[in-house]
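Reader: Please take one part of this model and look at it closely, choosing a packed helix and following the contacts and charged pairs that lead away from it. I would like one connected account, with the burial of the residues given wherever it can be stated.

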Amino acid sequence: MSLNQSKDHNRRLVLASRPVGAPSPDNFRLEQADIPRPADGQVLLRTVFLSLDPYMRGRMSDAPSYAEPVAIGDVMVGGTVNRVVESRLDGFETGDWVLSYTCGWQDYALSDGEMLVNLGKNPPQPSLALGILGMPGFTAYMGLLDIGAPKEGETLVVASATGPVGATVGQIGKLKGCRTVGVAGGAEKCRFAVEELGFDACIDHYADDFAEQLAAACPSGIDVYYENVGGKVLDGVLPLLNTGARVPVCGLISQYNATNLPEGPDRLGMLMGLILVKRLKVQGFIIFDDYGHRYDEFYQEMSRWYAEGKIKYREQIVDNLEQAPEAFIGMLEGKNFGKLVIRVGSDD
């Protein structure tokens, strides 16, 4: 097999230590183990694609959260697309493609069928199940439509506008008739948001006059702000929120590596005052916990939009499992461009 994937052993990337601040390569350890064998009621899976997502930084910490942290010495968590190597479980056959949320950062894993979706023998682009047709697309769809509830003619602002969630949010907003303003890091990403994704405007959050540019791009204020960044971007958005604005919150990537509260004045009082005076709806959500029962609805609609060319999707694929830590660290710094996926093994 290519990509250093062997039929004789299982590469595993485990959590070696908990990061303080930004993760470093020393927080990960590459191990080699025997390939497990399935018992009755199990399948042996070989990983082809591994999704890298910001939520994984939270799982590296032992701070209280919505999910259990990865234990020291355990395999890092992550969504994967796999091939079935051997099956002793009804409904799965050798050669099937599957989407798994229990395998993580390793070549091989056993599954009893929990959180395992059969993608069939020949899906046209299997890695889409980790992006536009998977967790990021689902997050964009439900967060915007159910919590954001955009209406035609409203102004929607989207943080991290060229990331896998933000890019999809902006395009759905356009389908719903919104004026859509993105926020991204750098001129290249901002051009892509406007020229390729169809945003009405995109503001570079590195600009010294970011807040002024955002205000100019939103002359009628902001009705929906899709939040997945926090920090400087939120500071610029808050004064522009209209009465009755909705703020779906799916992440706060600017804060994931923080070890202290941000410098400057305490913003909590101002935020609570705005929530009261402007009757804001600010709602966080965990996609599969809150909306898992609506996945089929999302999948059907998003598949149609994608097939019809109404939703565009950009993917960044990095080869080899060994590159996952460096790619993950870069993603948290905003270095990726599109959905970040590790190609762990061959697709045959």
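Author: A salt bridge is taken here as a side-chain nitrogen of Lys or Arg within 4 Å of a carboxyl oxygen of Asp or Glu. Arg-29 and Glu-31 form such a pair, with a distance of 2.9 Å from N to O, in what is a predicted model. Arg-29 counts as partly exposed at 35% relative accessibility, and Glu-31, at 24%, is likewise partly exposed. The structure as a whole holds 19 salt bridges, and one of them leads directly to the part I have chosen, helix H2.

Helix H2 covers residues 135-148. Because 12 of its 14 residues are buried, H2 is largely enclosed by the rest of the structure. The buried residues run from Met-135 and Pro-136 through Gly-137, Phe-138, Thr-139, Ala-140, Tyr-141, Met-142, Gly-143 and Leu-144, and they also include Ile-147 and Gly-148. Asp-146, by contrast, is partly exposed, with a relative accessible area of 34%. Just after the helix, Ala-149 takes a positive phi of about 45°.

Two packed helices are described by the angle between their axes and the distance between the axes. For H2 and helix H9 (residues 295-307), the angle is about 100° and the axes are 10 Å apart. Since angles of 65 to 115 degrees count as roughly perpendicular, H2 is roughly perpendicular to H9. On the H2 side the contact is made by Gly-137, Phe-138 and Tyr-141, while H9 contributes Tyr-295, Glu-297, Phe-298, Glu-301, Met-302 and Trp-305. Sorted by class, this contact has six nonpolar residues, one polar residue and two charged residues. The three contact residues of H2, namely Gly-137, Phe-138 and Tyr-141, are listed among its buried residues.

A charged pair also leads away from H2. Asp-146 forms a salt bridge with Arg-294, the closest N and O atoms being 3.2 Å apart. This pair links distant parts of the chain, for Asp-146 belongs to H2 and Arg-294 to the loop between helix H8 (287-291) and H9, 148 residues apart. Arg-294, at 24% relative accessibility, counts as partly exposed.

The loop that follows H9 takes part in another such link. Glu-196 and Lys-312 meet through their side chains in a salt bridge of 4.0 Å, N to O. Glu-196 is in the loop between helix H4 (187-195) and strand E10 (201-204), and Lys-312 is in the loop between H9 and strand E14 (315-319), so the pair ties together parts that are 116 residues apart in sequence. Both ends are partly exposed, Glu-196 at 39% relative accessibility and Lys-312 with a relative accessible area of 41%. In addition, Glu-301, Arg-304, Glu-308 and Lys-310 are joined into one network by salt bridges that share partners; of these, Glu-301 is also one of the H9 residues that meet H2.

Strand E14 leads on to a backbone feature. Most residues other than glycine have a negative phi. Asn-320, which is not a glycine, has a positive phi near 85°; this residue lies in the loop between E14 and helix H10 (324-332), and at 18% relative accessibility it counts as buried. Arg-279 has a positive phi as well, of about 50°, and is placed in the loop between helix H7 (268-277) and strand E13 (281-284). Unlike buried Asn-320, Arg-279 is exposed, with a relative accessible area of 56%.

The surroundings of E14 and H10 can be followed a little further through Leu-340, which is in strand E15 (residues 339-343) and is buried at a relative accessible area of 3%. Apart from neighbours within four places in sequence, Leu-340 is in contact with Leu-50, Ser-51, Leu-52, Gln-316, Val-318, Ala-327 and Met-331. Of these partners, Ser-51 is 289 residues away from Leu-340 in sequence, yet their C-alpha atoms are 6.5 Å apart in space.

Lastly, where covalent links are concerned, a search of the whole structure finds zero disulfides. Cys-202 is in no disulfide, and the nearest cysteine sulfur, that of Cys-190, is 3.4 Å away, whereas a disulfide would need the two sulfur atoms within 2.5 Å. Cys-202 counts as buried at 14% relative accessibility.

Note on methods
Residues are numbered from 1 along each chain as its sequence is written. This is a predicted model: local features need pLDDT of at least 70, side-chain atom pairs count only at pLDDT 80 or more; totals for chains, interfaces and linings use all residues. Side-chain values use heavy atoms; hydrogens and water are left out. Buried means under 20% relative accessible area, exposed over 50%, partly exposed in between (1.4 Å probe, protein chains only). Axes are lines fitted to C-alpha atoms, for helices over the stretch in contact, and angles run from 0 to 180 degrees between N-to-C directions. Helices (H or I, at least four residues) and strands (E, at least two) are DSSP runs, numbered from the N terminus. Angles under 35 degrees count as roughly parallel, over 145 as roughly antiparallel, 65 to 115 as roughly perpendicular and the rest as oblique. Contact means heavy atoms within 4.5 Å. Ala, Val, Leu, Ile, Met, Phe, Trp, Tyr, Cys and Pro count as nonpolar, Asp, Glu, Lys and Arg as charged, and the others, Gly among them, as polar.
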